[in-house]
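Subject: Structure handover

Hello,

Please find the structure below. My notes on it come straight after.

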Amino acid sequence: MDRLVVGGGARLNGEVAISGAKNAALPILCAALLTRETLELTNVPELNDIGTMLKLLEQMGVRVSREEDRVSLDAGGLHNPVAPYELVKTMRASILVLGPLTARCGEARVSLPGGCAIGARPVDQHIRGLQAMGAEIGVEHGYVQARTPRLRGARLFTDMVTVTGTENLMMAACLAQGETIIENAAREPEVVDLARCLVSMGARISGAGTDVIHIHGVDRLHGARHRVMPDRIETGTFLCAAAITGGRVRLTGTSSGYLDAVVDKLMDAGCEIHSEKAPGSESILIQAPSRLKAVSIRTAPYPAFPTDMQAQFMAINCVAEGSAVIRETIFENRFMHAVELIRLGAEIQIDGNTAFIIGAERLQGATVMATDLRASASLVLAGLVAEGETHIERIYHLDRGYERIEQKLGALGAQIRREQA
Ligand code: UD1
C-alpha cells in the first residue's frame, strides 16, 4: 500500500491546473445509461472512483473508451442491469446507477452500499422516491431490487437535502411518463452540471440549482457532448494548501463562483483572493499572510460551507492564530482526522458534532493514517507545515478523489513523495 511522505516548511508558489469534478463526473457517467446513443465527455478526472464507475458500467454492457480526460460511453448494448457488491462496497456513489437503470430497463439490481467511514449514509430517500414513481422495490440478499413497466412522474419530497438522491431521482424522471417535481432538492453545482448534460441529451428539466426541480419525462434521450465542470473541492483544497503555507498560487481552469462560502472564510483568515477572467478561461489567485487567523465554520448543504471542505479547515485552524469552532451538520462521524491531527501536535477537543480548536505555533511530523478522502487531504495540508516529515498511510483514499496530488503540490514547491510501504 502506498504512503505519502510530506516535508514541512515550503511556501507554495506558482500555478496549478484544476481537474474536472469527481462528484459531477460520477453521476454524468451514469447518465449514459439513459440512452442507446453515445455520450462523449471531456474534463473527466483520472481518479480511482472514476475507474470504478467505468468498470461498473462496462460489466453492465456499456462500451467505454477513454483517452486522457475524454471518455466516450455507448450503452446501446446494455444487458446486465446489476451493480455487484464487490464494486459498490468500494464506492457508495455506485448507487447512482439505480435511477437510470430502473428508468431505462424497467429493472435494476444494485447492492446496498453498507456502512462507510463517515457515518451510516443510508439510501432510503433514493428508494422512496423511485417507489413514489411506481417502482416496486425490495431488498433481497443485500441487493436493492427495482422493477417497473415504466416509471410515472410524481411529486417527490426528500426528508433531507441529498445530493446523489436528487441526482438519482432527476435521472430516473427524465424517462418517466409525465411530470416529476423534486422538492427540497439539492442545489449543489454538480446537480446543475448533471442537469445541463441531461438537457443536452434531450431531457426537459427546469429549476436545477434551486430547491424545486421540474422534469417532464420524454420517451427517449439521445447522445450528446458535455464538458464536466471544474472540481470545486480540489479547488478549495489547493486554496487551503496555499493558505496554510503562506504562499501565492494561481489556480487555473476553475472558478471561485462555486466556492463563495470557502473563499469568504479564507478571506476572513487573512488571505487575498482574486478571480481572473479572460475569454474562455478563468482562474483564481490567492496570496496568503505569513500566519492565518482562526475561522469558525458550520457545514450545511450548498450554498453554505461544504462538508467536503471541513477537514481542510480543521488543518488550517490547527496552526492559525486564535481559536475556532467547527460544527459538522451533514455527517455524524466526520471528525476522524482530528485524532490524527492531534498526533501531529494539534489542540482539538471534540464534543459530538462540534470541534474546538486552539491554533498551535507549530506541528510536528509523525506517521498518521488517512481515514477517508477529505480527511486525507487535511493530513497532507498539516504535513506541509509540520516540522520534519509526515508519513501518511492508506492514501488510497486520497487517490479516489485527487488527481496526481503529489505532482501538483510538488510543482508548487512542496516536498512530497509517494513511497511503497
Ligand atoms: C454527496 C457527495 C459527497 C458529499 C455529500 C454532502 C457525491 C458522489 N458525493 O454524497 O462528497 O460529502 O454529498 O455534500 O456527490 N441521507 C439519508 N438518506 C438518503 C440519502 C442521504 O439519510 O437516502 C443523509 C446522509 O446520511 C447524510 C445526508 O443525508 O447525512 C446528506 O447526504 P447526501 O447529500 O446524500 O450525500 P451523498 O450524496 O452520499
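What follows is a short tour, from the ligand site outwards.

One caution before the details: this is a predicted model.

**Ligand site**

The ligand has 19 residues around it. Asp-124, Thr-162, Thr-164, Asp-308 and Ile-330 are the closest of them. Three backbone contacts are worth listing:

- Ile-330 places a backbone N or O atom 2.6 Å from an oxygen atom of the ligand.
- Gln-125 has a polar backbone atom 2.7 Å from a ligand oxygen.
- Pro-122 has a backbone N or O atom 3.2 Å from a nitrogen atom of the ligand.

**Helix α6**

Thr-162 is one of the closest residues to the ligand. Thr-162 also appears at the start of α6, where one of its side-chain oxygens comes to within 2.9 Å of the backbone nitrogen of Gly-165.

How far apart are the end C-alpha atoms of α6? They are 17 Å apart. The helix runs over residues 163-174, twelve residues in total, so at 1.5 Å a residue a span of 16 Å is expected, and the two values agree.

α6 is mostly covered, with ten of its twelve residues buried. Gly-165, Thr-166, Glu-167, Asn-168 and Leu-169 are among them. Met-170, Met-171, Ala-172, Ala-173 and Cys-174 are also buried.

**Second largest pocket**

This pocket has a volume of about 370 Å³. Its lining is made up of 21 residues. Nearest its centre are Ile-244, Thr-245, Ser-290, Glu-361 and Val-385. Three elements each give two or more residues to the lining: α8 (232-244), α10 (310-319) and α12 (373-385). By class, the lining has twelve nonpolar, four polar and five charged residues.

**Cavity**

How many cavities of 30 Å³ or more are there? The count is one. The largest cavity has a volume of about 40 Å³. Its lining consists of Thr-237, Phe-238, Ala-241, Ala-377, Val-380, Leu-381, Ile-405 and Leu-409. Two or more of the lining residues come from each of α8, α12 and α14 (405-411). Seven lining residues are nonpolar, one is polar and none is charged.

Both α8 and α12 therefore turn up twice, in the lining of the second largest pocket and in that of the largest cavity.**Backbone geometry**

Three spots stand out for a check of the backbone angles.

- Tyr-302 and Pro-303 are joined by a cis peptide bond, with omega about 10 degrees. Pro-303 sits in the loop between β18 (297-298) and α10.
- His-141 is not a glycine, yet its phi is positive, near 50 degrees. His-141 belongs to the loop between β8 (136-140) and β9 (143-147). His-141 counts as exposed because its relative accessibility is 79%, and the cut-off for exposed is over 50%.
- Arg-404, also not a glycine, has a positive phi of about 45 degrees. Arg-404 is in the loop between α13 (396-401) and α14. Its relative accessibility is 45%, so Arg-404 counts as partly exposed.

**Individual residues and distances**

Arg-66 is part of strand β4 (residues 63-67). With 33% relative accessibility, Arg-66 counts as partly exposed. Arg-66 and Tyr-302 are separated by 236 residues in sequence, and their C-alpha atoms are 31 Å apart.

Is His-126 buried or exposed? His-126 is buried, at a relative accessible area of 3%. Buried means under 20%. His-126 is in helix α5 (residues 124-132). Its C-alpha atom is 31 Å from that of Ser-255, which is 129 residues away along the chain.

Ile-358 is in strand β21 (residues 354-358). Ile-358 is partly exposed, with a relative accessible area of 45%. Cys-318 is 40 residues from Ile-358 in sequence, and the C-alpha atoms of the two are 6.4 Å apart.

Best wishes

Definitions and conventions. Residues numbered from 1 in each chain as written. Predicted model: local features only at pLDDT ≥ 70, side-chain atom pairs only at ≥ 80, totals over all residues. Heavy atoms only, no water. Helix = DSSP H or I, 4+ residues; strand = E, 2+ residues; numbered from the N terminus. Expected span 1.5 Å × (residues − 1). Buried < 20%, exposed > 50% of the residue type's maximum accessible area, 1.4 Å probe, protein only. Polar contact = N/O pair within 3.5 Å; in protein donor to acceptor, adjacent residues only side chain to side chain. 1 Å grid on protein atoms, 1.4 Å probe; cavity = no way out; pocket = protein on both sides within 12 Å on 5 of 7 lines; lining within 4 Å. Points joined across faces, edges and corners; volume = space filled by probe spheres on them. Nonpolar A, V, L, I, M, F, W, Y, C, P; charged D, E, K, R; others polar. Near = heavy atom within 4 Å.
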